[in-house]
Amino acid sequence: MPIASVNPATGETIETFVAHDDAEVQRRIAEAADAAEALRDTTYSQRAEWMKAAADLLEADVDSAAQIITREMGKPIAQSRGEVLKCAKNMRYYAEHAESFLAAEFLADPSVVTAAEAGSVWQPLGVVLAVMPWNYPFWQVVRFAAPALMAGNTGLLKHASNVPQSALYLDTLFEKGGFPVGSFRTLLIGSAGVATVLEDARVKAVTLTGSEQAGRSVAATAGQQIKKAVLELGGSDPFIVMPSADLEAAATTAVKARIGNNGQSCVAAKRFIVHTDVYDAFAELFAAKMAALTVGDPMDEAVDVGPLATESGRDEVAELVDDAVAKGARVLVGGSAPKSGGWYYPPTVLAGLTDDMRVVLEETFGPVASLYEVADREEAVKIANQTTFGLSSAVWTTDAAEQDWFVDQLDAGAVFVNGMTVSYPELPFGGVKASGYGRELAAAGIREFCNLKTFWKA
Ligand code: NAP
């Protein structure tokens with residue numbers, strides 16, 4: 001795959017980049033390793049100052065950073081600005097909380113372990129490789145980088161090959177804020193070069209956000225090397241609507257949860273599982289709202305849905321819909337790609353799904369919603385849990401006991417009640433099953449790439 005920025009709204013190549021050769025990769029790994037030595041001796045308050053300075057720079061540059069995102073991967077421009085500002089927020093969050101999240105803990109009564117003093121401290125691991133996807137080209141990276149740098153680790157970024165301008169922007173951001181040179185470095189390499197970097201003794205751990213296939217490959221190398229890995233992979237999140245729900249609010253949120261980022265979000269609601277008592281009313285509202293969306297140039301502020309990021313991604317979504325239709329699914333809205341001009345796919349709603357359709361079990365990475373009608377909450381959970389994924393989930397019900405029951409029963413890394421899944425710096429984020437392992441964000445996120453070192457003093 002060439003390393004290139006291609007505008008998905010037009011299919012035109014904006015710029016191609018020459019991959020770093022072995023010598024440059026070695027130079028950058030060495031720089032990151034040296035920076036890790038320097039960074040671990042700095043104080044939290046020093047790192048926080050640099051992190052806040054980098055956040056200020058990013059915020060001041062929000063418009064041009066957002067344009068890079070939209071031009072490279074087609075997200076509506078207002079959402080790109082939102083992504084950039086969310087990064088700055090996350091950077092400030094970790095600047096403020098890293099020290100308390102990683103504070104030493106002392107055993108209240110050390111005599112139980114025959115010590116005068118005992119407890120644990122969190123220490124950085126060193127250089128962490130980050131393999132990242134194109135769908136949130138700034139947020140996915142900063143979600144990792146802010147806690148990593150605040151913990152005293154350094155980062156090497158292997159970004160998706162279709163977002164090199166985002167990758168190069170992030171290459172210098174933290175350095176500009178004041179972090180030692182090499183604290184965060186981009187490697188312009190293809191996916192075939194990842195294993196060699198991870199096998200390098202100077203690289204201590206890896207985080208990957210991306211597809212299941214990429215996760216398996218990187219986790220295998222990490223396993224072979226006995227290096228810590230965090231995997232944030234795909235999802236096919238359920239969005240359950242029960243009879244007590246506010247249907248108008250549920251349908252409005254359902255649309256937002258499905259079409260944000262042009263439908264290309266791991267935690268997008270993808271399967272809409274609706275109780276039979278409210279199925280017809282919800283389906284009508286939801287279909288009408290999906291049909292009313294504006295599709296077009298993502299640079300246009302009025303557009304709700306832009307193109308998919310790549311031609312192959314658009315073709316995969318079309319294949320899933322075609323497969324379902326060929327096997328008897330009903331198309332309530334959308335259902336076929338326009339013939340010309342960019343990699344667009346219209347907001348689509350499918351009903352009448354059967355288990356032999358690929359869309360039932362696979363991840364639909366585009367603005368396509370599947371509707372399921374269920375008799376009761378047990379059937380809702382059975383369908384919700386039937387995929388191999390377990391990232392997040394949403395359930396709409398005003399019955400408090402039912403809310404608790406769903407929180408308990410859903411096989412996912414998160415359950416959002418009467419709302420949609422959103423990642424917040426303050427809450428842990430991650431999945432179970434084929435959606436991966438490990439957590440990002442909150443205290444759990446910063447601790448993933450630390451050595452929890454126990455101390456015992458006689
Ligand atoms: P992808 O093809 O897996 O690419 C992600 C990253 O992995 C890219 O940098 C890619 O590099 C690299 N890569 C691909 N195959 C690899 C391999 N065999 N070895 C090492 N690196 C490899 O995924 P994508 O299409 O960009 O992103 C969409 C997927 O990411 C979806 O499944 C989505 O649900 C998931 N995702 C998950 C989360 C989460 O937090 N759980 C968040 C966002 C996205 P190249 O570009 O050079 O191939």
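The exercises below concern the pockets, cavities and one sheet of a predicted model.

Local features of this predicted model need pLDDT of at least 70, side-chain atom pairs count only at pLDDT 80 or more, and totals for chains, interfaces and linings use all residues. Residues are numbered from 1 along each chain as its sequence is written, and side-chain values use heavy atoms, with hydrogens and water left out.

**Exercise 1. Describe the largest pocket: what is its volume, and which residues lie closest to its centre?**

Step 1. The terms come first. On a 1 Å grid over the protein atoms alone, a pocket is an open set of points with protein on both sides within 12 Å along at least five of seven lines, whereas a cavity is a set of points where a 1.4 Å probe fits but cannot get out; lining residues have an atom within 4 Å of a point. Grid points are joined across faces, edges and corners, and a volume is the space filled by probe spheres set on the points.

Step 2. The volume of the largest pocket is about 1,400 Å³. Its lining comprises 49 residues, and those closest to the centre are Trp 134, Gly 210, Ser 211, Gln 213 and Ala 214.

Step 3. Helices (H or I, at least four residues) and strands (E, at least two) are DSSP runs, numbered from the N terminus. At least two lining residues come from each of helix H7 (194–199), strand E8 (203–209), helix H8 (212–225) and helix H11 (311–326). H11 provides the largest share, seven residues.

Step 4. For composition, Ala, Val, Leu, Ile, Met, Phe, Trp, Tyr, Cys and Pro count as nonpolar, Asp, Glu, Lys and Arg as charged, and the others, Gly among them, as polar. The lining of the largest pocket then holds 21 nonpolar, 19 polar and nine charged residues.

**Exercise 2. Establish where the second largest pocket lies with respect to the domains.**

Step 1. This pocket encloses about 600 Å³ of space. Among its 24 lining residues, Lys 86, Tyr 136, Gly 260, Met 420 and Val 422 lie nearest the centre.

Step 2. Helix H4 (77–101), helix H5 (139–151) and helix H9 (247–259) each contribute at least two residues to this lining, with the largest share, four residues, coming from H4.

Step 3. Domain bounds come from an automatic or database domain assignment. The second largest pocket lies between domain 1 (4–232 + 433–457) and domain 2 (237–417), because both give residues to its lining.

**Exercise 3. Determine how many cavities of 30 Å³ or more there are, and characterise the largest cavity.**

Step 1. The count is four cavities of 30 Å³ or more.

Step 2. The largest cavity has a volume of about 100 Å³. Of its 14 lining residues, Phe 144, Pro 147, Glu 440, Gly 445 and Phe 449 are the closest to its centre.

Step 3. H5 and helix H15 (442–447) give two or more residues each to this lining; H5 gives the most, with four residues. By class, the lining has seven nonpolar, three polar and four charged residues.

**Exercise 4. Work out the strand order of the seven-stranded open sheet and name its edge strands.**

Step 1. Two strands pair if DSSP finds at least two bridges between them. The order is E12-E13-E14-E11-E10-E16-E17, with mixed pairing.

Step 2. Strand E12 (330–333) and strand E17 (416–417) are the edges, each pairing on one side only.

Step 3. E10 and strand E16 (residues 394–396) run parallel and are joined by three bridges. Trp 396 in E16 is the bridge partner of Val 241.
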